[in-house]
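Biologist: Let's talk about the empty space inside this one. Can you pull it up for us?
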Amino acid sequence: KYSAKEHDDYYFDSYNHSSIHEEMIKDRNRTNAYRDAILKHADEFRGKVVADVGCGTGILSFFCAEAGARTVYAIDASGIADYARQIVECNKKSDVIKVIKGKVEEIELPEKVDIIVSEWMGYFLVFESMLDSVIVARDKWLKPDGIMYPATAHMYLCPITDDQYLADKIYWWKNVYGINMTPMIPFAKKSWLDEPAVDPIEPELCLSEPCCFKTFDIKNVDVAHLKGWTEAFKVTTTTWANVCGFVVFFDVDFEGKLGAADPNKVTLSTSPHAGPTHWKQTVLMLPSVMELDAETSMEGTIAVKQNVENPRWVDIEMDFKTDGLPHPTKRNFIFK
């Protein structure tokens, strides 16, 4: 059993490889959304002080500098901060971008900030629990009238059907290079059923309109709330199908001082109906396929809490009932 410090060290070490930063920057939907949001709100960045929490290579800090920020504190606890500092120097931006290596929980800034920018979202939105650190930064440094980028986050789910998905993940063991490996099927089922899968889901596999089951107001949410919460959901199938699980995805909104009424609002979506992102979608499989008619309702609750062993992992519990089926269905997952 590892200590909290050891879990943190492992987490930050995972960002010490160039490939993860390459993947994020090459995610054009992600990077363009941040760039567009910052540059569309240049009048709110001009002459302001910004904290870029979890800055990585510093690309978002450069966008803030381009928008006219007076000072950008680019903060990262991993070794990538050393490279971010070199990138800032070779682009002659050291007068604006100040790279600080350390955890927000342990460092101090010389002044309060007007804006906090962070790309904190993980799989299933809250996996890795980086939002906790963003909230700590907010409470330590953000001015009362300050702005968070992004400002809000929304989680959605809907049932999916995909016989091919099951075939690819589980039933392919029936014939492996001509060898019957069916004893692996129960093991494969357990592996895929106990832990969420991160995969791209084709939009035509979605069987209902998405249900928004959780919204985070990043300016006001507190760390205690992130440790565990439960929300209700209800969806109605649009067609007959074999339901094999649920897909979960999220959107984040970048809003300036005008909030939801902001005409320059930018939304970054990880929906199957939007363009591809490195987050893909999260799939929560059911233990068996449900054959459901059109206009069938599925309603219940989804409970999410930080794992006791490692708070960067996520425990997920679904409890729902379905029209025409006699007993509720309960599912438990550990996202690690």
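**Cavities in the model**

Modeller: Here it is, and β10 gives the most to the lining of the second largest cavity, with 3 residues. Keep in mind that this is a predicted model.

Biologist: What makes a residue such as Phe249 part of the lining of the second largest cavity?

Modeller: Lining residues have an atom within 4 Å of a cavity point. Phe249 is listed for the second largest cavity, along with residues including Tyr123, Trp279 and Lys280, so Phe249 has such an atom. Besides β10 (241-254), β12 (281-292) also supplies at least two residues there.

Biologist: Why is the space of about 40 Å³ called a cavity?

Modeller: A cavity is a set of points where a 1.4 Å probe fits but cannot get out, so the second largest cavity is closed to that probe. With about 40 Å³ of space, it also goes into the count of 2 cavities of 30 Å³ or more.

Biologist: And how big is the largest cavity?

Modeller: The largest cavity has a volume of about 100 Å³. Its lining includes Val126, Trp229 and Val314. Two or more residues come from each of α7 (130-141) and β13 (297-306), and β13 has the largest share, with 3 residues.

Biologist: What makes Asp132 and Lys305 the charged part of that lining?

Modeller: Asp and Lys both count as charged, so Asp132 and Lys305 belong in that class. The lining of the largest cavity divides into 6 nonpolar, 2 polar and 2 charged residues. For the second largest cavity, the split is 6 nonpolar, 3 polar and 1 charged.

How values were computed
Residues are numbered from 1 along each chain as its sequence is written. This is a predicted model: local features need pLDDT of at least 70, side-chain atom pairs count only at pLDDT 80 or more; totals for chains, interfaces and linings use all residues. Side-chain values use heavy atoms; hydrogens and water are left out. On a 1 Å grid over the protein atoms alone, a cavity is a set of points where a 1.4 Å probe fits but cannot get out, and a pocket is an open set with protein on both sides within 12 Å along at least five of seven lines; lining residues have an atom within 4 Å of a point. Grid points are joined across faces, edges and corners, and a volume is the space filled by probe spheres set on the points. Helices (H or I, at least four residues) and strands (E, at least two) are DSSP runs, numbered from the N terminus.
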